[in-house]
Each structure stands twice: as structure tokens, then as C-alpha cells.
Amino acid sequence: MADRSDIRNIVILTGAGVSAESGIDTFRAEGGLWEQHRVEDVATPGAFERDPELVLRFYDMRREAIQTKHPNPAHQALARLDREWKGELLIVTQNVDDLHERAGAKRVLHMHGTHLNAWCTACDARSPWRGTLIDRPACPECGEKALRPDVVWFGEMPYEMDRIFGALREADLFVSIGTSGAVYPAAGFVRNARDLGVATLELNLEASQGSHWFAESRHGPASVLVPEWVE
Ligand code: BV8
């Protein structure tokens with residue numbers, strides 16, 4: 001990063017765009033459709049209630065796709081920054097893939113959960129997601145066949161919001177990478193940052209819905225912009 005001197009604490013928000021070049025579809029690509037369903041209509045408690053098979057099939061498919069993908073230079077550059085950065089650094093990701101971790105990043109917070117865990121709707125336990133949920137595996141804790149993906153659906157509260165706002169309050173720089181700024185509360189973090197006097201930077205393929213809130217917005221692929229910014 002150009003002038004590191006006045007930056008001690010960094011909060012980085014990532015979205016589907018940081019994993020796009022690893023081959024993981026973003027939500028807005030092809031209008032965010034899956035089997036002709038809008039993602040917003042599948043990733044909801046109501047959809048799970050109405051048609052659990054549809055939702056479990058969707059997530060089994062997403063998990064299978066993620067397992068065949070690998071981190072790209074953007075994930076690797078962020079992992080390097082995480083290893084080398086002496087100040088506070090938090091990568092808040094909206095993504096349910098684990099490519100940040102597989103690139104070596106440690107200080108990662110999955111505000112929308114991850115594809116690695118299942119959540120038992122009978123006993124509330126989280127457990128490693130094994131096999132396909134469509135086959136209704138039994139919860140390892142209570143034995144009930146009541147597992148859902150441990151991801152945050154629309155209308156559900158994202159994870160660790162207090163920790164995120166705490167990090168923003170201490171931050172000197174907020175960087176948003178590969179997100180459309182379409183979904184809240186993540187899309188509002190740039191405004192929280194500005195109100196707190198935190199410097200803001202957006203790295204995205206194109207202008208996002210929140211670009212105008214950023215002090216600086218650079219456009220291009222994350223695999224180019226992120227290593228450039230980290231250097
Ligand atoms: C909540 C997990 C409250 C599941 C996801 C009206 C106004 C404001 C808010 C709302 C509203 N109506 C409803 C709401 C709330 C709602 C919301 O914001 N809805 C939107 C649609 C308006 N939000 C919620 O429901 C959230 N919860 O508000 O809770 C509450 C309060 C009390 C008690 C209980 C609850 C929860 C939202 C979480 C939903 N889960 N994911 C899963 O993954 O399956 S959302 C999902 O979409 C992602 O996680 C991400 O957060 C979101 C947006 O996706 P992006 O990551 O930005 O991806 P996208 O495709 O959109 O964009 C990709 C970007 O990358 C693009 O800009 C593209 O240009 C760029 N790009 C592409 N390629 C590259 C690239 N950039 C760089 N390099 C490249 N190569």
C-alpha cells in the first residue's frame with residue numbers, strides 16, 4: 001500500500017467478486033439465477049420451509065462447486081498482508097467459501113456463515129458439513145435429521161456484528177473488495193466507516209451500488225487490483 005505510515009488498523013470486506021476468478025459464480029452473474037430461481041428466493045428461511053429439497057440441493061451444489069476451486073492471487077495477496085501486517089487486520093467476508101483460509105489467511109470472519117458447517121434446527125448445534133444435506137444425515141449431536149447449511153439467509157441476522165462494528169471503530173482504513181453493495185448490513189459498512197472518519201477504498205470490477213460513498217474506487221479484476229494494493 002502506498003502510504004502505510006498513518007495506517008495501523010485495517011478492516012477488509014470481501015464479496016463474491018474476490019472468488020470470481022477462482023471460478024465461483026457471483027450472485028449477480030447471469031442476474032443471480034440458479035435453476036431459474038433468484039438466489040434471494042432460495043437463500044431464505046421461507047424457501048427452506050416451503051421447499052427444503054430445493055434449498056438443500058442448491059447448497060449441496062454450491063458446496064460441491066466450492067470444493068473443486070482454489071484461491072486466486074487476490075486471496076493470496078490478502079493472506080500475505082494478514083501474515084505480515086503488524087497492526088490490527090480483519091477480513092470480513094460475505095462469502096461462504098473458505099478460499100481466504102485456504103490461501104493462508106487467519107484473521108477471517110464469515111459474517112454470512114460458511115459452507116463448511118451444518119446447523120441443526122433441532123438442537124442448534126453446529127457440526128462439520130459432511131456429505132450431502134439432501135440425504136438428510138443425522139445431527140452428530142442429537143441424532144435428528146434436521147440439518148441445514150450454517151449460512152445466514154435473507155432476513156436472518158449476520159454473525160458477529162458487534163465484533164465487526166468494534167473493528168470499524170478502531171480502523172484507520174476500510175477496504176471493500178468484490179462486492180456489489182446490494183446487501184445490507186454489509187453494504188452499509190462504508191457509511192459507518194466514513195461517519196467514523198475512517199479512510200475508505202473500493203476495489204471492484206466495476207462501480208458498485210455504493211461506489212459514491214468511497215473516498216477512492218479502483219475498477220478492475222481483483223486478481224490484479226488486490227496484489228497491486230497490497231504491495
Ligand atoms: C438482515 C449467504 C436483519 C448465503 C447471503 C431493503 C433495504 C435494505 C435492506 C433490506 C431490504 N429488504 C431486506 C433487507 C435486508 C436484506 C437485504 O439487504 N436485502 C437486499 C436484497 C436488499 N439483508 C438481510 O436480510 C441480512 N440480514 O438484514 O437481518 C435482522 C435484524 C434483526 C433480526 C434478524 C434479522 C442478511 C443478508 C445475508 C444473506 N446471505 N449469503 C449464501 O451465500 O448462499 S447474501 C449474498 O449476497 C452474499 O453473501 C453477499 O452478502 C450478497 C451480495 O453478494 P456479493 O458478494 O456482493 O456478490 P454480487 O454477485 O452481488 O456482486 C459481486 C461483485 O463483484 C460485483 O460488484 C461485480 O462487479 C464484482 N466482481 C465480479 N467479478 C470480479 C469482481 N470484482 C473484482 N474482480 C472480479 N474478477
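How do the residues of the lining of the second largest cavity divide into nonpolar, polar and charged? I started my notebook with that one, and here is the trail.

**Ground rules.** I am working with a predicted model, where local features need pLDDT of at least 70, side-chain atom pairs count only at pLDDT 80 or more, and totals for chains, interfaces and linings use all residues. Residues are numbered from 1 along each chain as its sequence is written, and side-chain values use heavy atoms, with hydrogens and water left out.

**Cavities.** I searched the whole structure and found 2 cavities of 30 Å³ or more (sets of points on a 1 Å grid over the protein atoms alone where a 1.4 Å probe fits but cannot get out; lining residues have an atom within 4 Å of a point). The second largest holds about 30 Å³ of space, a volume being the space filled by probe spheres set on the points. Its lining divides into 5 nonpolar, 1 polar and 2 charged residues, with Asp, Glu, Lys and Arg counted as charged. I noted Tyr59, Arg62, His115 and Trp129 among them. Helix H3 gives the most to this lining, with 4 residues (helices are DSSP runs of H or I, at least four residues; strands are runs of E, at least two).

**The sheet.** I then followed H3 (residues 52-67), which packs on the sheet and touches S6 and S8 (contact means heavy atoms within 4.5 Å). The sheet is open, antiparallel and ordered S7-S6-S8. I see S6 (residues 113-120) and S8 pairing over 4 bridges (pairing takes at least two DSSP bridges), and Trp119 has Arg148 in S8 as bridge partner.

Key
Axes fitted to C-alpha atoms, helices over the stretch in contact; angles between N-to-C directions. 1 Å grid on protein atoms, 1.4 Å probe; cavity = no way out; pocket = protein on both sides within 12 Å on 5 of 7 lines; lining within 4 Å.
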